[in-house]
Amino acid sequence: MLNCIDNSGAAVVECAQVLKMKRHARIGDRIVIVVQKQRSFGAESGRGGSVSTGAANKVRRGDIRHAVVVRTAKKRQRPDGTVVKFDDNACVLINKSGDPIGTRLNGVVGAELRNKQWSKILSLAPMHL
């Protein structure tokens, strides 16, 4: 189970497959996910209340999508000798062409995304370690 840190509408997702690899997913890997829990956007409906919570979400529970792993709880040693470990496993949902579905990211992402050419995700992130 991974946390989804973008505003696409998914809160918790489950990894179904790691693409192009026969190992566990690391930071920057593309994976296939299933949305397990939706994020509720009830407070954003505004004064009129005309926007439903389903219209604000770009994904629904049970959807199968692609994602990129941006944080892992497993320790990883970088080439300069530093060891990086995050508190949770997190991902960002992407479409088939590799563009992020959400327009905003919440939380830090790993700097390994730069080596794997995920510059669009790095530009949306508030900070990368």
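Two strands count as paired here if DSSP finds at least two bridges between them, and this rule is a useful thing to hold in mind at the first stop. The model on screen is a predicted one.

**First stop: the barrel and its seam**

Begin by selecting strand S1, residues 2–4, together with strand S7, residues 90–94; these two pair in the parallel sense over 2 bridges. Within that pairing, cysteine 4 has cysteine 91 of S7 as its bridge partner. Now bring in the other strands of the sheet, where 5 strands close into a barrel in the order S1-S2-S3-S4-S7, with mixed pairing. Across this sheet, neighbouring strands are turned against each other by 50 degrees on average, if direction is ignored.

Moving round the barrel, select S2 and S3, which pair in the antiparallel sense over 7 bridges; if you look for alanine 10, its bridge partner in S3 is glutamine 38. From S3, go on to S4, since 5 bridges join these two strands, which also run antiparallel to one another. Here isoleucine 33 is the residue to pick, and it stands opposite arginine 65 in S4. In general, the strands of a sheet pair through backbone hydrogen bonds, and they may do so in either a parallel or an antiparallel way.

**Second stop: the nonpolar cores**

Next, select Val70, Val109, Leu113 and Ile121, which are the residues with the most contacts inside the largest nonpolar core, a set of 16 residues. Strand S4 (64–71), strand S7 and helix H2 (119–124) each supply at least two residues of this core, and S7 gives the largest share, 3 residues. To see how one member is surrounded, centre the view on isoleucine 121, which, leaving aside its neighbours within four places in sequence, is in contact with Val68, Val70, Val92, Ile94, Pro100, Leu105 and Leu113. A second core, separate from that one, has 14 residues and includes Leu2, Val13, Val35 and Leu93.

**Third stop: the cysteines**

Return now to cysteine 91 and cysteine 4, and show their sulfur atoms. Why is there no bond between them? The sulfur of cysteine 91 has its closest cysteine sulfur in cysteine 4, at 4.9 Å, which is too far for a bond, because a disulfide needs the two sulfur atoms within 2.5 Å. Cysteine 91 itself counts as buried, at 0% relative accessibility.

Then select cysteine 15, which lies in strand S2. By the rule just used, the count comes to 0 disulfides; cysteine 15 is in none, and the nearest cysteine sulfur, that of cysteine 91, is 8.7 Å away. Is cysteine 15 buried or partly exposed? Its relative accessible area is 31%, and cysteine 15 is therefore partly exposed. Apart from residues within four places in sequence, cysteine 15 is in contact with Leu2, Ile31, Val32 and Ile33. Methionine 1 is worth adding to the selection as well, for although it is 14 residues from cysteine 15 in sequence, the two are 6.5 Å apart in space, C-alpha to C-alpha.

**Fourth stop: aspartate 29**

Follow the chain to the loop between strand S2 (10–18) and strand S3 (30–38), where aspartate 29 has its place. Although it sits in a loop, aspartate 29 counts as buried, at 4% relative accessibility. What lies around the side chain of this residue? One of its polar atoms is 2.8 Å from the backbone nitrogen of arginine 26, and the side chain also makes a polar contact, at 3.0 Å, with the side chain of lysine 116. Not counting residues up to four places away in sequence, aspartate 29 touches Met21, Arg23, His24, Ala67, Val68, Val69 and Lys116.

**Last stop: two loop residues with positive phi**

Most residues other than glycine have a negative phi, and the last two selections depart from that pattern. In the loop between S2 and S3, select lysine 20, which has a positive phi of about 65 degrees although it is not a glycine; lysine 20 is exposed, with a relative accessible area of 84%. Then move to the loop between S7 and H2, where glutamine 117 is found. Its phi is near 60 degrees, again a positive value in a residue other than glycine, and at 65% relative accessibility glutamine 117 counts as exposed.

Notes: Residues numbered from 1 in each chain as written. Predicted model: local features only at pLDDT ≥ 70, side-chain atom pairs only at ≥ 80, totals over all residues. Heavy atoms only, no water. Helix = DSSP H or I, 4+ residues; strand = E, 2+ residues; numbered from the N terminus. Axes fitted to C-alpha atoms, helices over the stretch in contact; angles between N-to-C directions. Core = buried A, V, L, I, M, F, W, Y, C linked by side-chain atoms within 4.5 Å. Buried < 20%, exposed > 50% of the residue type's maximum accessible area, 1.4 Å probe, protein only. Contact = heavy atoms within 4.5 Å. Polar contact = N/O pair within 3.5 Å; in protein donor to acceptor, adjacent residues only side chain to side chain.
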